[in-house]
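Grab a viewer and work through a few short exercises on this one. Each comes with a solution that goes step by step.

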Amino acid sequence: LEILWHDTPTITLPGRLMRSRHTMAMLRVLELPQLVARDVDDYVRIAVELGRSADQRAELRALIRERKHRLY
C-alpha cells in the first residue's frame, strides 16, 4: 500500500501468503492486472520488461498516480 502511494509499480505473484493476495487486490482496484503474475516465469518476465522499459514504468506511474485515490 505504501509503495503505491509513491506511484511505484509493484509486481505480485499471489500465493499462500495473504500479503501477496492483498497486493493483487489493490492492483485490481487500480485496474492494473498486468502487474499480477500467473507464475514465477511470468513474474520474471514482467520484472524484466519493467526494468528495461522506462516508458512502461512512466506509464504505470501515471496510472497509479491517477487511480490511487481509490485505495485511500
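**Exercise 1.** Among contacts between residues at least 6 apart in sequence, work out what share joins residues at least 24 apart.

*Solution.* Start with the cut-off: a contact means heavy atoms within 4.5 Å. Next, keep the pairs at least 6 apart in the protein chain; 61% of these contacts join residues at least 24 apart.

Before you go on, some ground rules: this is a predicted model, where local features need pLDDT of at least 70, side-chain atom pairs count only at pLDDT 80 or more, and totals for chains, interfaces and linings use all residues. Residues are numbered from 1 along each chain as its sequence is written, and side-chain values use heavy atoms, with hydrogens and water left out.

**Exercise 2.** Find where confidence is lowest and where it is highest in the protein chain.

*Solution.* The score is pLDDT, the predictor's confidence in each residue, from 0 to 100. For the protein chain the mean is 94, and 100% of the residues reach 70 or more. Then go by element: helix α1 (residues 2-5) has the lowest mean, 89, while helix α3 (residues 40-52) has the highest, at 98.

**Exercise 3.** List the secondary structure, then decide how compact the protein chain is for its length.

*Solution.* Helices (H or I, at least four residues) and strands (E, at least two) are DSSP runs, numbered from the N terminus. The protein chain has four helices and zero strands, in the order α-α-α-α from the N terminus. The radius of gyration is 12 Å, close to the 11 Å from the globule rule for 72 residues, so the protein chain is as compact as a globular protein of that length. (That radius is taken over C-alpha atoms, and the rule is 2.2 Å times the number of residues to the power 0.38.)

**Exercise 4.** Two non-glycine residues, Asp 7 and Glu 31, have positive phi. Place each one and say whether it is buried, partly exposed or exposed.

*Solution.* Cut-offs first: buried is under 20% relative accessible area, exposed is over 50%, and partly exposed is in between (1.4 Å probe, protein chains only).

- Asp 7 has a phi of about 60° and is found in the loop between α1 and α2. With a relative accessible area of 10%, Asp 7 is buried.
- Glu 31 has a phi near 55° and sits in the loop between α2 and α3. Its relative accessible area is 49%, so Glu 31 is partly exposed.
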